[in-house]
Amino acid sequence: MTKRSHWNSRIGFVLAAAGSAVGLGNIWRFPYLTGENGGGIFVLIYLACVALVGLPVMVAEILIGRSAQSSPVGAFKSLAGHTSKWVWVGWLGVCSSFVILSYYSVVAGWSLHYTWLSVTGRLVGLGPEGVKPVFGELYQSAPMSLAWHLLFMGLTIAVVFGGVSKGVERWSRILMPALLIMMLVLLGHAFSLDGFTQAVHFVFGFHADKFTSIGALEALGQAFFSLSLGMGAMLTYGSYLHREDDIMGSSITISVLDTAIALISSLVLFPIIFSYGMEPSTGPSLVFISVPIALSQMPGATILATLFFALLVFAALTSAISMLEVTTSYFIDERGWQRRRAAVLAGVVVAIMGIPSALSGGTRYFGSDLVSLLNKNWFDSMDYLASNWMLPLGGLGIALFTAWRMDEALRYDHFLSGSRLRIFYKWWLLLLKFLVPVAILLVFLHAVGLI
Ligand code: TRP
């Protein structure tokens, strides 16, 4: 057995985990959900979900990983026993990471395409009317979607190939601060726009009349997705954490960073949207259609668009590497493979699995009923399956295991080691035992249409 790799420093771990959390979920998904669900009230419920459900599950995931010193499958084997049913929670995580990364990479590929168009000045040169059909053309062109998807997977494999501290940590240390700076530059610009006040009012104003129960459940699902919970990504990163590092404190930092970036993204996007009289509620196409249209009318558009889409690519890359790291570490820990072989093989399998997603929009190449499941195309089916079912189920398993089944002394010991936040232990356990499982069950009942 070779010695397990570890992070070089706690800040390296925090940046890598924040890199996993901050992704398309913050910049693409959060603003459009906020727009669709009426703004402020959604944001408020989201914040409650992060603090009361997301944070406790994150602590649990990191704690399981560090106490077992193994990736998801091995972690449950060593903590619950080789033949235990809990090992299925680990398997579910490995499966989820394959599924999510396969379509996540397609969206990331679109971001690469937009970055390319922006850098070369073509996006802006088209003008508002010319920008509108760009997304449709990309979505429907199988060769383009496919090529960008494969290129993005290539980048992801290259980072994971380098290992924990020389690959994942090193790149997170470069990409995360760059991302923060780009975000602040864009925020500064948004601040100077006429629509800024309207945007602040939209994002932070309390509009009780807009409350819907669907919005509340979407907020919970988004908290899981955005904090990278439920599939063992945080568990795997936790397994590389040193024993003397503080889990509770790190989890708070990661959650605050992730939430701050989601809120700042909204404050970058909505002023742009409002200043050019566009609608905030256009759904998933917000970032790929409405934003470029608004951007194309602004002074300095080429630079702004390049910054924005490069930011999206950076954010997606640090998230994608955390997903590939889950499958890679499975092959290393459970099959005894070399990292390089594991990273390439897992990456190639994900790249192949993503092909139907990349082809989903191209009905010319793939009759949509040919790849349809659940009356959706392949891409939408994967997203539906993963976000509504696999992640919450994994989260439920992790919460129940940590709260009700894990060895108490081991749990207490790992929570305390390195932490000055011992007063939180009781509250954490209480939330994990009761509130978290109930909240997740509500998501399920909603998904099957019972509430
Ligand atoms: N959190 C990332 C985002 O917001 C996506 C992500 C990375 C993820 N790893 C994950 C989601 C693990 C669920 C589980 O874009």
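The legends below describe close-up views of a predicted model, taking the ligand site before individual residues in loops and at a helix.

**View 1. The ligand and the residues around it.** The ligand is surrounded by 16 residues, of which Ala21, Gly25, Tyr104, Phe225 and Ser228 come nearest. By residue type, this shell divides into 8 nonpolar and 8 polar residues, with no charged residue in it. Helices α1 (10-21), α2 (24-36), α11 (213-226) and α15 (301-335) each supply at least two residues of the shell. The space that the ligand takes up is the largest cavity.

**View 2. Polar contacts of the ligand.** A polar side-chain atom of Tyr104 lies 2.5 Å from an oxygen atom of the ligand. Backbone atoms take part as well, with a polar backbone atom of Ala21 found 3.0 Å from an oxygen atom of the ligand, and a polar backbone atom of Leu24 also placed 3.0 Å from an oxygen atom of the ligand. On its own the ligand has 360 Å² of accessible area, and the protein covers 100% of that area.

**View 3. Ser228, a residue of the ligand shell with a positive phi.** Ser228, one of the residues that come nearest to the ligand, is found in the loop between α11 and α12 (233-238). Its phi is near 60°, a positive value in a residue other than glycine. Because the relative accessibility of Ser228 is 14%, and buried means under 20%, this serine counts as buried.

**View 4. Gln69 in the loop between α3 and α4.** Gln69 is found in the loop that runs between α3 (40-68) and α4 (72-80), and although Gln69 is not a glycine, it has a positive phi of about 55°. With a relative accessibility of 29%, Gln69 lies between the limits of 20% for buried and 50% for exposed, and therefore counts as partly exposed.

**View 5. Ser141 in the loop between α7 and α8.** Ser141 lies in the loop between α7 (127-140) and α8 (142-161). A polar atom of the Ser141 side chain is placed 3.2 Å from the backbone nitrogen of Met144. Ser141 is buried, since its relative accessible area is 12%.

**View 6. Gln140 in helix α7 and its approach to Ser360.** Gln140 is found in helix α7, and with a relative accessible area of 41% this glutamine is partly exposed. Although Gln140 and Ser360 are 220 residues apart along the chain, their C-alpha atoms are separated by 7.9 Å.

Notes:
Residues numbered from 1 in each chain as written. Predicted model: local features only at pLDDT ≥ 70, side-chain atom pairs only at ≥ 80, totals over all residues. Heavy atoms only, no water. Near = heavy atom within 4 Å. Polar contact = N/O pair within 3.5 Å; in protein donor to acceptor, adjacent residues only side chain to side chain. Areas by Shrake-Rupley, 256 points an atom, 1.4 Å probe, with all protein chains shown as cover. 1 Å grid on protein atoms, 1.4 Å probe; cavity = no way out; pocket = protein on both sides within 12 Å on 5 of 7 lines; lining within 4 Å. Sits in = over half its atoms within 2 Å of the grid points. Helix = DSSP H or I, 4+ residues; strand = E, 2+ residues; numbered from the N terminus. Nonpolar A, V, L, I, M, F, W, Y, C, P; charged D, E, K, R; others polar. Buried < 20%, exposed > 50% of the residue type's maximum accessible area, 1.4 Å probe, protein only.
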